[in-house]
Amino acid sequence: MTPPISGTGGALLALAMLGAFACAIGGGWMIAKRGDRQKGTLLLVMAAVLVGNVLVWAL
């Protein structure tokens, strides 16, 4: 059994998740309000990649 993530590693994972949430919110806002579908979609893809990276790092 692996020990829980703590210290700098946990802080980096938390920061990556905050970035993923910010990208997801920004991407949704760009698609809905500004009508810029290409950039909004890229931000949503980036958020999904960040979440995937956090899952890989945490396991």
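**Exercise 1. Place a surface patch.**
Task: In this predicted model, find which residues make the nonpolar surface patch of about 580 Å², then say where Ile25 lies and whether Ile25 is buried or exposed.

Solution:
- Step 1. The patch is made by Leu12, Leu15, Leu18, Phe21 and Ile25.
- Step 2. Ile25 has its place in helix α1, residues 8-34.
- Step 3. Exposed means over 50% relative accessible area. Ile25 has 63% relative accessibility, so Ile25 counts as exposed.

**Exercise 2. Check helix α1.**
Task: Work out what α1 should span at 1.5 Å a residue, and compare that with the distance between its end C-alpha atoms.

Solution:
- Step 1. The expected span is 1.5 Å times one less than the number of residues.
- Step 2. For the 27 residues of α1 this gives 39 Å.
- Step 3. The end C-alpha atoms are 37 Å apart, which agrees.
- Step 4. Gly35 follows α1, and its phi is positive, near 75°.

**Exercise 3. Find the buried side.**
Task: Which residues of α1 are buried, and what do they pack against?

Solution:
- Step 1. Buried means under 20% relative accessible area.
- Step 2. Leu13, Ala16, Ala20, Cys23, Gly27 and Met30 are buried in α1.
- Step 3. The buried residues of α1 pack against α2, residues 37-58.

**Exercise 4. Judge the overall form.**
Task: How many helices and strands does the protein chain have, and is it spread out or compact by the globule rule?

Solution:
- Step 1. The chain has two helices and zero strands.
- Step 2. Its radius of gyration is 14 Å, well over the 10 Å that the globule rule gives for 59 residues, so the chain is more spread out than a compact globule.
- Step 3. The C-alpha trace spans about 45 × 15 × 10 Å along its principal axes.
- Step 4. Buried residues make up 15% of the 59 residues.

Note on methods. Residues are numbered from 1 along each chain as its sequence is written. This is a predicted model: local features need pLDDT of at least 70, side-chain atom pairs count only at pLDDT 80 or more; totals for chains, interfaces and linings use all residues. Side-chain values use heavy atoms; hydrogens and water are left out. Patches are made of residues with over 30% relative accessible area and no salt bridge: like charges are joined within 9 Å, nonpolar side chains (Val, Leu, Ile, Met, Phe, Trp, Tyr) within 5 Å. Accessible areas come from the Shrake-Rupley method with a 1.4 Å probe; for residues, only the protein chains shown count as cover. A salt bridge is a side-chain nitrogen of Lys or Arg within 4 Å of a carboxyl oxygen of Asp or Glu. Helices (H or I, at least four residues) and strands (E, at least two) are DSSP runs, numbered from the N terminus. Buried means under 20% relative accessible area, exposed over 50%, partly exposed in between (1.4 Å probe, protein chains only). Contact means heavy atoms within 4.5 Å. The radius of gyration is taken over C-alpha atoms; the globule rule is 2.2 Å times the number of residues to the power 0.38.
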